[in-house]
Amino acid sequence: MKNKSDLNLFFRSFGIVVIVIFAAIAAGIGLFYYVFAIPAREGLSLASWPDVYTDNFSLQLEEEQGELKVKEFGIEDLDRYGLWLQVIDENGQEVFSHNKPENCPNSYTASELLAFGTNVYDNDSRVFAGNYEGAEKTYGYFIGFPYAVGKHMLYYNGEHVSRLSPVIRTGIACVSCAVFLFTLAYVFWLSRHLGKITKGIRDVSRRAYTPCSAGGVFGEVYAALSEMDTELRRSDQLRIDTERVRREWITNITHDVKTPLSPIKGYAELLAENQISESGEVQEYGKIILKNAVYTENLINDLKLTYQFEAGVIPLSLQEIHLVRYIRELVIDLINDPAFSKREIEFESAEDEVAVKIDSRLFRRAVGNLIINALTHNPPETKVFIRIERSGQGRVSILLRDNGTGMDEEEQAELFERYYRGTNTKEKPEGSGLGLAIAKQIVILHGGDITVKSKRNEGTEFRVSIPEGHSVK
């Protein structure tokens, strides 16, 4: 199969080279006609046509009783081609003319006759001379052609040229053989490289490509194949990693959904069977059920919001918001939450007020996710610091910094990936692994950006940057 493929590739390459050669020959023929042809009345003719026509025009002349005449067909021929004619006798005197230009003389001296064959009466015409042997006299005639025909004479040593003729023929034959052999060798060389490239492309698709270093004409092609193979392998590895993380996330989210459902189901059964007599217990169990129901609802909302972003159908309702007051109220709400009432959160602003256009519901979700993430996945004594400042170029930044456990570079690289859960979530597994990914998508939707800097055991800093005073869609 491989030999058959190589043979087909050879014939295809040979066919391409043959086509190129024929194209070159056709181009040469076209160039030849471009240089050595003129647009005659009846089509394209070689530039030597006027000289041949002039020599043959003597057949249109005749002498009757010592008087020169031009046959009627000859006059019609001159008119058809747009030519002019002047006939002179042996003394240089004009004896006949037809369509002659006004600036042509009626008689010529011997020196004028010698030079007449090269004279051009205007920029777009050329004069050719001929002779007619009559019964009694000899006549000369000139025919003017409306073509700018050039003529150059070549003088050479006839004896030497005749001796060199066999050598020239042998040289032409040798050159032809050399060209044929070179073409054959080039086709073999080309088919070899094309075969390697074809095999390389096939191996890349099978993920079995072996990179090879080669210079020359095809060096860039081999380099591109190696680069494509590297990118495909990297893409495959990314797909495998993403699939692994997705499976892990599905396992975790399944567990997270089941976790709140168990107490909901258990306490609901107790209430349904009326096994609780004290109202205090009923109220306590109701709070537990409500808490787990809210947790489950948040998980479902995270999933819904994630796939709304993925489908590009997330609703965005922009309105002008005073950012300093907006973030301050968000911090106050978190402090008043019993889950975080004993946590230390500090807020300050370098500006009295900054106006931005945001979707207040979505943006609250994004900033809230960042703050809650810092409170949830750090020790209780962790301090969270929030600051608002202008960052230049018409943008405003929200800084969220904590002095918690921090993250290494590997965690930071995957922090905003969907389904990712940090290594410190084992102790506190709450959450869907979508919170930070959702936060970043919301910030980007507002024309902003979010970055993170962190070091292990030194804390983490998030910077959220959005346009000031206007939105970017």
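The secondary structure of the protein chain, in this predicted model, comes to eleven helices and 15 strands. Of its 473 residues, 34% count as buried, and the chain exposes about 29600 Å², with carbon and sulfur atoms supplying 56% of that area. When contacts with a separation of 6 or more are considered, residues 24 or more positions apart account for 63% of them.

Confidence varies along the chain, which averages a pLDDT of 78, with 79% of the residues scoring at least 70. Over residues 423–429 the pLDDT is below 50, and this stretch has ten contacts in the model beyond near neighbours in sequence. The table gives the elements at the two ends of the range.

| Element | Residues | Mean pLDDT | Rank among the elements |
|---|---|---|---|
| Strand β2 | 43–46 | 59 | lowest |
| Strand β13 | 395–402 | 93 | highest |

In soluble globular proteins, nonpolar side chains tend to be buried together. Here, the largest nonpolar core holds 44 residues, and those that touch the most other members are Leu 323, Ile 327, Phe 363, Ile 386, Ile 398, Leu 400 and Val 464. Helix α9, which spans residues 360–376, provides the largest share of this core, namely eight residues.

Which residues is Leu 323 in contact with, leaving aside its neighbours within four places in sequence? Its partners are Glu 353, Val 354, Val 356, Phe 363, Ile 388, Val 396 and Ile 398. A second, separate core of 20 residues is also found, and it includes Leu 61, Ile 75, Leu 78 and Tyr 139.

Key
Residues are numbered from 1 along each chain as its sequence is written. This is a predicted model: local features need pLDDT of at least 70, side-chain atom pairs count only at pLDDT 80 or more; totals for chains, interfaces and linings use all residues. Side-chain values use heavy atoms; hydrogens and water are left out. pLDDT is the predictor's confidence in each residue, from 0 to 100. Helices (H or I, at least four residues) and strands (E, at least two) are DSSP runs, numbered from the N terminus. Contact means heavy atoms within 4.5 Å. Buried means under 20% relative accessible area, exposed over 50%, partly exposed in between (1.4 Å probe, protein chains only). Accessible areas come from the Shrake-Rupley method with a 1.4 Å probe; for residues, only the protein chains shown count as cover. A nonpolar core is a set of buried Ala, Val, Leu, Ile, Met, Phe, Trp, Tyr and Cys residues joined through side-chain atoms within 4.5 Å.
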